[in-house]
Amino acid sequence: LVDLTPIIPAVDLALELINMDPNILPGYNFKYLNVVNSYCASTPAVRGFFNEIQKNTTSILIIGPDCTSSSEPIAGLAPHWNLVQIATTSVGPSLSDNLTYPYFLRPVPSGSGVVTGLISTMKFFGWTHLGVITEAVPLFRQTLDEILLQNSKHFDVIANTEFLAFQNPQRSLLEIKESSARIIYLNMYSDYALEILCQAASLEMYPPTYQWMIPYLVVDDFWKQSFSPRTLYTPFTDCSPQQIQRIISGIIVVDHFPRILKEDYNTTSVIGNMTMATFRREYLKRLNDTEVSAVHFDAATYAYDAVWTGALALEEARMQSGINLSEFTYENETIANAIYSAVLKVSFNGSSGRVYYQGNGDRTSDSPDLLQYRMVNQELSRVRFATVKSSALTVVLLPGESVLGTIFPAGKPKDRENMNIASGLFAFYTILAVSGIAYSISCIVFSIVFRNKIIVKLSSPYQNVIIASGAILLFIYIIFIGVDEGASETGFLNVTCQFRLWLLSIGFTLLYAPIMAKAWRVYFIFRNLRVSKTTRKTVSRPWHLVVIILVLLAIDLVFLIIVTSIPQTLQRRTQREIQYEDGRIPSIVGSCTSLYPQVWLGVLGAYRGLELLLGLFLAFETRNVKIKELNDSKVISFAVYTIVITTICLLPIGFFVRDVTIAYSVIGLLIMGTITVILTMIFIPKMISLCRDPTGERDLTIRGQSDNSNQTAITQRQMAEILNKLTDEMTQLKMQMCQECLDRVQSEPNTESCILNSDEHITQDP
């Protein structure tokens with residue numbers, strides 16, 4: 001049973017050599033009874049099969065057919081007549097099912113082997129998205145099923161189209177072009193591969209913008225003529241030689257088919273006591289031709305090896321099992337089993353390479369090869385550049401090969417563009433952030449070293465240390481938001497995203513909480529002048545402010561622990577397209593989000609919003625308090641306004657700016673600028689004052705809340721004495737007023753309202 005008539009000379013050559021060998025089947029004449037052309041169709045194949053088994057002469061083996069579509073029905077029928085079938089080039093993955101086809105063997109690997117090579121190629125070059133165009137015949141549909149089984153495991157099939165035989169495949173190609181696929185696998189025979197590539201050339205789908213890959217069944221020089229085994233093929237599109245050369249140069253061939261390379265013909269021995277070069281000459285002599293198409297010659301080598309497989313298996317069964325081959329009938333299952341088992345033991349150097357079989361009847365393939373079409377001596381040639389280790393799905397380049405040197409000299413094609421922050425910008429911002437960290441550390445050292453100086457002590461040095469510590473965390477955050485954009489390791493992104501969340505949240509709280517606490521203290525003192533001296537002293541103590549900071553920090557920690565402990569906060573990758581000069585190509589952008597971001601973002605937004613609103617309220621209420629260096633009231637108000645404005649500006653950037661470099665530049669500039677301004681306003685004036693007055697007691701001024709009178713310079717000690725004197729006088733006055741009120745109550749019972757209607761401060765300080 002054949003589909004390609006040019007394989008007959010190879011079968012004749014094999015039979016001639018077998019019958020001449022006295023060690024193989026002595027006393028038997030090994031020959032075929034008839035040649036049935038099945039035309040790669042099931043109906044002619046089945047008709048021919050039944051015609052043969054109804055003859056008086058009993059066949060012991062079936063050689064062929066060549067096509068999967070004609071082999072499958074024969075493989076299903078043959079076991080009912082106990083016939084072992086050795087197909088020649090039927091590579092359909094479904095035929096590997098030994099339970100369905102128990103007597104089927106083939107001197108070629110299963111078509112699913114190409115998927116292993118495809119996975120390894122995609123993995124090696126870092127491609128994760130694939131487009132597939134399939135010719136709708138059983139072989140390639142089965143291969144497509146194998147490819148789709150790998151979808152989302154090793155790569156994503158983002159475009160998958162197919163076309164019927166003899167149909168113009170233009171629609172399928174246009175669907176691929178409209179999709180975002182840039183790595184395209186042509187799952188088809190040679191003739192349609194040429195048609196697709198020719199139409200692609202007319203659409204300017206050239207490398208390196210697009211990378212084309214083709215299977216092993218597409219022959220070496222497929223662009224020179226049509227090789228359709230089914231019918232006369234008329235192309236739909238004509239291409240110029242220049243277009244063909246440009247579109248084919250760089251195509252990768254995923255080839256798991258065993259094949260002896262042309263350069264090894266003179267040195268490779270073939271069963272039948274000859275070299276591969278001799279085999280080719282003898283084959284062409286019987287073909288009565290001086291040349292043969294590559295696809296026909298490959299098929300001839302497998303047919304030659306199939307016949308030798310059958311002969312060696314029959315000899316093995318005769319010798320080892322002691323069976324008499326002449327006793328075989330279509331009811332003799334014992335001999336059929338012996339022949340099948342013998343095939344599995346066969347091993348020889350065939351015209352297609354080393355031949356041996358797996359337990360399911362498939363030929364064991366050596367490491368698949370990766371080949372590429374390149375210009376060699378002004379001609380397109382297929383060059384082997386790598387082998388694939390199937391077990392590890394890895395690619396090993398041959399000596400002298402390199403990705404950006406020989407394989408892709410114009411640059412490796414991209415299926416996705418990782419949108420990374422510009423390295424120069426990241427380096428610049430890293431330097432600025434490190435400088436900011438050093439600046440913050442110097443502020444911490446200043447506050448600790450000079451904490452006992454009056455000018456520093458009055459501004460709460462320990463709260464200033466906390467502010468500078470928060471600034472350090474935010475500077476570190478600036479570095480980390482530029483590290484992992486576009487990164488591909490999901491585990492690394494998860495850790496980085498959680499770390500960034502902690503840095504931002506705690507850093508913001510440490511920076512903002514002390515400023516807000518100070519603002520609250522100023523507000524409480526200067527908006528509640530009637531409170532007691534004891535209450536004012538309590539509020540002005542440092543530990544009271546620390547408690548406020550710790551409460552806000554505790555709320556942050558509880559929130560962060562909850563958010564980072566649930567699976568819904570894991571990293572999720574997003575994709576979007578970005579325009580490049582070579583056309584639109586999708587870009588991968590790393591982003592930190594969760595399955596339900598609206599929940600925790602809503603909680604966080606509400607909490608931060610309340611903090612900012614409270615800060616705005618306190619800043620507004622203390623806007624007229626103007627005691628320089630006593631409580632940093634101006635600095636506090638400015639810091640609150642600055643932080644609120646910066647936060648409002650950052651929100652739309654995070655949601656609407658899609659270019660990560662622009663977003664990073666603006667976010668980094670706003671955050672680092674805000675932090676630097678706040679630190680400068682808090683610390684630099686004090687540093688300058690200490691430089692002018694090392695004692696830290698000079699140049700302190702007091703000014704009224706709303707008048708425009710001239711400032712009067714006094715020392716801190718003088719100011720303290722004045723404040724103490726005023727406090728004592730206020731206390732005595734309140735005691736006197738309370739006593740007078742009590743006397744009136746005792747003398748006149750109806751004056752109880754004196755106390756109840758008196759100013760609130762009278763009853764607050766008994």
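Hi everyone, let's start with a cysteine. Cys443 has a relative accessible area of 0%, so Cys443 counts as buried. Cys649, on the other hand, is partly exposed, because its relative accessibility is 36%, and partly exposed covers the range between 20% and 50%. Please keep in mind that this is a predicted model.

Staying with cysteines, how many disulfides does the structure hold? There is 1. Cys40 and Cys67 are the partners, with an S to S distance of 1.8 Å. This bond links distant parts of the chain: Cys40 is in the loop between H1 and H2, Cys67 is in the loop between S1 and helix H3 (68-77), and 27 residues separate them. Both of these cysteines are buried.

Now let's go inside. The largest nonpolar core has 63 residues, and the members that touch the most others are Phe30, Leu83, Val84, Tyr304, Trp308, Leu314 and Ile339. Several elements each give at least two residues to this core, including helix H1 (8-20), strand S2 (84-86) and helix H10 (294-320). Which helix supplies the largest share? That is H10, with 12 residues.

Leu83 is a nice one to click on. Beyond its neighbours within four places in sequence, Leu83 is in contact with a list of residues that includes Phe49, Ile53, Leu61, Ile62, Tyr103, Phe328 and Tyr330. Apart from this core lies another one, of 55 residues, with Leu425, Phe508, Leu612 and Met672 among them.

Let's look at helix H1 for a moment. H1 has 13 residues and spans 18 Å from first C-alpha to last, close to the 18 Å expected at 1.5 Å a residue. Its buried residues are Ile8, Pro9, Ala10, Val11, Leu13, Ala14, Leu15, Leu17 and Ile18. And what covers them? The cover includes strand S10 (274-275), H9 and H10.

On to the aromatic rings. A search of the whole structure turns up 24 aromatic pairs. To describe a pair of rings, we use the distance of the centres and the angle of the planes. Take Phe257 and Tyr302: the ring centres are 5.3 Å apart and the planes meet at 85 degrees, so this pair is edge-to-face. The two belong to distant parts of the chain, 45 residues apart, with Phe257 in the loop between strand S8 (252-255) and strand S9 (269-270), and Tyr302 in helix H10. Both Phe257 and Tyr302 are buried.

Phe446 and Phe450 also pair up, but this pair is tilted, with 5.2 Å from centre to centre and 45 degrees between the planes. Are these two buried or partly exposed? Phe446 is buried, because its relative accessible area is 9%. Phe450 comes out at 33%, so Phe450 counts as partly exposed.

There is an aromatic cluster too, made of Tyr265, Phe279, Tyr283, Phe297, Tyr304 and Trp308. You may remember Tyr304 and Trp308 from the largest core. One cluster member, Phe297, has Arg280 over its face, at 4.6 Å from the ring centre. In a similar way, the charged end of Arg246 sits over the ring of Tyr206, 3.8 Å from its centre.

Last stop: Glu331, in the loop between H10 and H11. Glu331 is exposed, because its relative accessibility is 67%. Its C-alpha atom is 6.5 Å from that of Asn82, although the two residues are 249 residues apart along the chain. Thanks for listening!

Technical notes
Residues are numbered from 1 along each chain as its sequence is written. This is a predicted model: local features need pLDDT of at least 70, side-chain atom pairs count only at pLDDT 80 or more; totals for chains, interfaces and linings use all residues. Side-chain values use heavy atoms; hydrogens and water are left out. A nonpolar core is a set of buried Ala, Val, Leu, Ile, Met, Phe, Trp, Tyr and Cys residues joined through side-chain atoms within 4.5 Å. Buried means under 20% relative accessible area, exposed over 50%, partly exposed in between (1.4 Å probe, protein chains only). Helices (H or I, at least four residues) and strands (E, at least two) are DSSP runs, numbered from the N terminus. Contact means heavy atoms within 4.5 Å. Rings of Phe, Tyr and Trp (its six-membered ring) pair if their centres lie within 6.5 Å; planes under 30 degrees apart count as stacked, over 60 as edge-to-face and the rest as tilted. A charge sits over a ring if NZ of Lys or CZ of Arg is within 6 Å of the ring centre and within 35 degrees of the ring normal. The expected span of a helix is 1.5 Å times one less than its number of residues. A disulfide is a pair of cysteine sulfur atoms within 2.5 Å.
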